[in-house]
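Please open the model in your viewer and keep the sequence panel beside it, so that each stop of this tour can be selected by residue number. We will go through the sheets, then the helices, then a few single residues.

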Amino acid sequence: MRKTILKNNWNDNRGIGSVIFSLLAHLEEIEKNEIFYLELNNLSYSNYKNFWEIAFYQPFEKNLNNENLDRKTIEKNIYTKNFNKINFHKKKDLSKTRDLLKKFIKPKVNLEKLFIDNYLKKFERYKIASLHIRGNSMFSTGHAANQYEKINFKNFICPLIKKILQNGFDKVLLCTIDLNFKTQIIQEFKEKIIYLEQSLPKNRMHPSYNVLEEIIYENEDFKNKLIIEPIIEAYIMSKTSYSYLMRSNISYLSILYRNDFNYEFIDDHIDYERFG
């Protein structure tokens, strides 16, 4: 049995969603008698620890002490493989990927217990749709640079939520770290909105939340929370009756946690190839 250590460059700040989908891509092509061990650094998640082990078990945790494990190891950059997400949009069979996620991506937080303890009663009482809005640096310097206006509150977000409620949903589970949208949406729709709280830096530099600028100087406990919070968010979204999503790893993860195809993407009008 051979251990392959999946690593990243110390200055690579890609988020936990990117890590998970890169790992899934490796798992799709794993060789016989091969196991993976993740050894990852990211100053947005930890100042000094292997951040994967803060929030997740190793995918082959039970095999790490196997007496047949070869002492020689191979090291690979985890981002050498990319996960093709075309089936999410075609709504084709995702059973294999869903099985890989359940088998190998194991958070140390019990997601189902968290849902039952904090959300189940509300979900049983109301018909709820989830809405994921990207409003962060993606629209300033990221893949969708200079297109923030295309998802503005008055002409896009507000009519969309009204349409969702008119379609028979009692409440909307709002998932966003954009405080501009959060404030406007809650003010407009009040008790119709369930908001999943996120850990945010105390001194906000910009309400659309630029991760690199705002997290890097935070303390270890704060950074550690940022690893698991998006996973919790994706899992709770998957429990809603229907999801309105954007092209985001968190949205894609929520689809994998679902047992159906009750979702649609709301950002077909966004060009994600425009870097700022």
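Two strands are said to pair if DSSP finds at least two bridges between them. The strands themselves, like the helices, are DSSP runs numbered from the N terminus, with helices (H or I) having at least four residues and strands (E) at least two. What you are looking at is a predicted model, in which local features need pLDDT of at least 70 and side-chain atom pairs count only at pLDDT 80 or more, while totals for chains, interfaces and linings use all residues. Residues are numbered from 1 along each chain as its sequence is written, and side-chain values use heavy atoms, with hydrogens and water left out.

**First stop: the sheet of three strands**

Select residues 2-7, which are strand β1, together with residues 34-39, which are strand β2, and then add β3 at 73-77. These three strands form an open sheet in the order β2-β1-β3, with parallel pairing. β2 and β3 stand at the edges with a single partner strand each, so one side of each has no neighbour in the sheet. Neighbouring strands here are turned against each other by 30° on average, direction ignored; for such angles, axes are lines fitted to C-alpha atoms, for helices over the stretch in contact, and the angles run from 0 to 180 degrees between N-to-C directions.

Five bridges join β1 to β3, and in β3 the bridge partner of Ile5 is Glu75. Now add helix α1, residues 16-28, which packs on the sheet and touches β1, β2 and β3, its direction making about 165° with that of β2; contact here means heavy atoms within 4.5 Å. On the other pairing, β1 and β2 share six bridges, and Leu6 has Leu38 as its bridge partner in β2. Five of the six residues of β2 are buried, where buried means under 20% relative accessible area, exposed means over 50%, and partly exposed lies in between (1.4 Å probe, protein chains only).

**Second stop: the sheet of five strands**

Which order do the strands of the open sheet with five strands follow? The order is β6-β5-β4-β7-β8, and the pairing is parallel. β6 (193-195) and β8 (263-265) are the edge strands, each with a single partner strand, so one side of each is left without a neighbour in the sheet. From one strand to the next, the twist averages 20°.

Select β5, residues 171-175, and ask whether its residues are buried or exposed. Five of the five are buried, so β5 is largely enclosed by the rest of the structure. Colour its two faces separately, and you will find Lys171, Leu173 and Cys175 on one side and Val172 and Leu174 on the other. β5 pairs with β4 over five bridges, where Leu173 is the partner of Ser130, and with β6 over three bridges, where Leu174 has Tyr195 as its partner. Next, show β7, residues 242-245, which pairs with β8 over three bridges, with Glu264 in β8 as the bridge partner of Tyr244. Helix α10, residues 220-238, lies across β4, β5 and β7 and runs at about 160° to β5.

**Third stop: two helices that cross**

Select helix α7 (residues 153-166) and helix α8 (residues 179-189), whose axes come within 11 Å and cross at roughly 45°. The two are therefore oblique to each other, since angles under 35 degrees count as roughly parallel, over 145 as roughly antiparallel, 65 to 115 as roughly perpendicular and the rest as oblique. Show the side chains where they meet, including Phe153, Ile157 and Leu165 in α7 and Phe181, Ile185 and Phe189 in α8.

**Last stop: three single residues**

Centre the view on Thr97 in helix α4, residues 95-104. Thr97 is buried, with a relative accessible area of 8%, and, leaving aside its neighbours within four places in sequence, it is in contact with Leu24, Glu28, Phe83 and Leu256.

Then go to Lys91, in the loop between α3 and α4, where phi is near 55°, a positive value in a residue other than glycine. Lys91 is partly exposed, at 35% relative accessible area. Finish at Lys190, in the loop between α8 and β6, which also is not a glycine and has a positive phi of about 45°. With 52% relative accessibility, Lys190 counts as exposed.
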